[in-house]
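Trainee: I should like to work through this model by question and answer. May we begin with the ligand and then turn to the contact between the chains?

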Amino acid sequence: MDNLPEEVQELMEALDEAAEDEDEDLVEELAQKLLDTGVDMKPVALEKLALLVMDGEEEMSVGWTRAALKFGLDPFEILLKGLAEGMGLIGKKYENGEAFVPQLLIASTAMYSGMEIIAPFMKQDENSCTKPATVVIGTVEGDVHDIGKSLVKTLLSANGFNCVDLGNDVPSTQFIEAAKENRATAVSMSTLMTTTMAEMPKVVKMLENEGLRDKVMVMVGGAPITTQYAAEIGADVSPHDAASAATWLKGAIFDFPSETERWG
Amino acid sequence: MVTEMTSLERVLAMLNRKPVDRVPVITGSTMVKEYIEKSGGVWPDYHSNAEMMVDVAGLMHTDAGIDNVVMPFGMFIESLALGLEVKMGKIDIQPSVRSFFKKPEEVNYDNFLEDKFVKNTINSIKLAKEKYPDAAVTAFLVAPVTLAGDLMGAENLSVLSIKCLQKEKQMEKMKEWVAVALEINKIYAEACAEAGADLLYYSDASASPNLVMPDFYYEIGVSAEKEIGDFCHKLGCLWQLHICGDTTPIIEGMASTGADCLSVEQAVKMEEVTKIAGDVPVVGNVTPLLMVEGTEEQIITETRMALDGGAKASMLGCGTPPHSTSDRLKTWVKAAADWSVENL
Ligand code: B12
Ligand SMILES: [Zn+2]
């Protein structure tokens, strides 16, 4: 971005400010002026959006999402290569111990507020796009810790998954019902307490009893959950954090039968 | 060799950085199911019935051999007394706070000491002092950052912990929440001290780098903890500070609060943090889950590892799990005693 003409850089700074002040009209106006410079703003906007989300800049992410639409970017591209890309960047940093939970949280707010802007434009495209895989997600019964669960949801959404969020303190039966109802591809369970870990094998057993175990992948996670524990209870995996959960599932669905094959 | 001490003398000596006959073994939350059942405690009555509470906590001392008697059993009393919604859990699940306030002005603590759970803490301290004069009677209290987090919601605390570093206005907001938390902390601390508590155990679970920015801890957390800590000292009470998770990045700040000892989790290397903490005693950091499913060997190894690393008392990394078994608790206490014989 540094090697753009000075005029463009100045307009971009002005757009930053207008976005920060939530001045929609000025954002539109400046976006138009940027277009008029003749510079291809599409890649610039995507890169900018990713960095803004990474830094958790909510207002600027909203402003630049509006600008990105004005530049003629496809809403899905804005989501995947801009907003979600930024969430992925901060997720990676967190994974490497270079960022903290509050940074993930403000990045997720920034991403979601950008998504709200493009949502109305994405509806029209729904038919043309392949249906995203659904993940039923929640924190198990007896446990109210849901910050980590919500981050897993955010990163799954950022990677194109459709999440059905059951919240926290979720009874085992509700996981089963939601999986059936939504023809889920995966069930993601979280817990932070050793006392509630036993809820996880309960859900796996119920899936087996209902003949649903082969229809869904089961991910378990949270501070006390280890890979070994996941294997013991018959879950498919326990990636160690929210970012790797999304990476893992993205890879795993390739080898997984399609929704119609599984659910008919 | 120091002559044999009572549990109380032992804990006080450790906190005052004096020689001990053996390293103390102390604990945080002690809602242990086996002891609840053994003493005839009934859920949820034992949370608000001083007799029942002290009987359960007392077994940790008389049966397991732990040097302090700790009450109450969870970090929800303050929130409940302020009118927040609390789900009472089960016999093996601690109660949890389920709602929060929108603004600091909404928090009303005029009748804090009238609440039946707060009263129960006070009555339990008095009763425990009577029944177990030789043990270190310890009040388990929510420290200011965590209480602020309960008031505004933990996720909001996390978010505000970064925003307040970026914007003055958000910093003002943060300070308002923490100020309210501190007012409540002081009212409760004073009542506990008057009731005769030997030690105030402050858990600042949410001040952890696992939830908030370490810079925020240094900027706001340290001074808040110091404020309540100084207040405890004025009341003539010693205080202990616990923060969850990997506290290595903030241990220096913790040591500067004036706490009489610091309690850390198994996520930290004892040897590393005792060096940073200098002459402030650090205690810990046996994996709590070992009390539920650990082998004798694992329990002994971890207990010794912490003491070898410079811990001044053996403690679990965090609260005692409800499913802890009495035989494992005893194995742990014995491991600390055996280590003392060889090393003191
Ligand atoms: C914030 C917090 C709370 C808040 C929760 C608010 C909320 N809405 O979530 C409040 C104050 C309500 C709370 C309540 C309690 N808490 Co609490 N709490 C914490 C704290 C400080 C941070 C947890 C957190 O949110 N971390 C940040 C998130 C992002 O991390 P995370 O959830 O682990 O998620 C990451 C990974 O685990 C992973 N992940 C999570 N889910 C999944 C799922 C999948 C599939 C995958 C792949 C990955 C994955 O991805 C995430 C990001 O990478 C911890 C201590 C600490 N410092 O860790 C204690 C802690 C978890 N709490 C604990 C306890 C005991 C309690 C209480 C019983 C309180 C009490 N002592 O009275 C009650 C719970 C009651 C109940 N029935 O649930 C204990 C648990 C002990 C144990 N191991 O059993 C801890 C460890 C502290 C302690 N030792 O006392 N708590
Ligand atoms: Zn802890």
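Trainee: How many Å separate a nitrogen atom of ligand 1 from an N or O atom in the side chain of D146(A)?

Mentor: The model is predicted, and the distance is computed from its atoms. D146(A) is among the closest residues to ligand 1. A nitrogen atom of the ligand and an N or O atom in the side chain of D146(A) are separated by 2.7 Å.

Trainee: Which residue places a polar side-chain atom 3.1 Å from a nitrogen atom of ligand 1?

Mentor: Chain A supplies a backbone N or O atom, that of L192(A), at 3.5 Å from a nitrogen atom of the ligand. The polar side-chain atom at 3.1 Å from a nitrogen atom of ligand 1 belongs to chain B, in residue S208(B).

Trainee: Why is the site of ligand 1 described as shared between chains?

Mentor: The shell holds 42 residues, and the closest include H145(A) and S190(A) as well as C318(B). The site is shared because the residues that surround ligand 1 come from chains A and B.

Trainee: Which element gives the most residues to the shell around ligand 1?

Mentor: By class, the shell has 23 nonpolar, 14 polar and five charged residues. With four residues, the element that gives the most to this shell is α7(A).

Trainee: Turning to the protein contact, how much area do chain B and chain A bury between them?

Mentor: The contact draws 17 residues from chain A and 23 residues from chain B. On the side of chain B, I93(B), R98(B) and E155(B) lose the most area to chain A, together 26% of what that side buries. Carbon and sulfur atoms carry 69% of the area buried between the two chains, which is about 1600 Å².

Trainee: Which residue of chain B meets E20(A) in a salt bridge?

Mentor: The rule finds three salt bridges across the interface of chain B and chain A. In one of them, the N to O distance is 3.8 Å, within the 4 Å cut-off. The side chain that meets E20(A) there is that of K167(B).

Trainee: Which helix provides the largest share of the side of chain B that touches chain A?

Mentor: The rule also finds three residue pairs in polar contact across this interface. The side of chain B that touches chain A comprises eleven nonpolar, six polar and six charged residues. Its largest share, eight residues, comes from residues 154–166 of chain B, helix α7.

Notes
Residues numbered from 1 in each chain as written. Chains lettered and ligands numbered in written order. Predicted model: local features only at pLDDT ≥ 70, side-chain atom pairs only at ≥ 80, totals over all residues. Heavy atoms only, no water. Contact = heavy atoms within 4.5 Å. Buried area = accessible area lost by both parts, 1.4 Å probe. Polar contact = N/O pair within 3.5 Å; in protein donor to acceptor, adjacent residues only side chain to side chain. Helix = DSSP H or I, 4+ residues; strand = E, 2+ residues; numbered from the N terminus. Nonpolar A, V, L, I, M, F, W, Y, C, P; charged D, E, K, R; others polar. Near = heavy atom within 4 Å.
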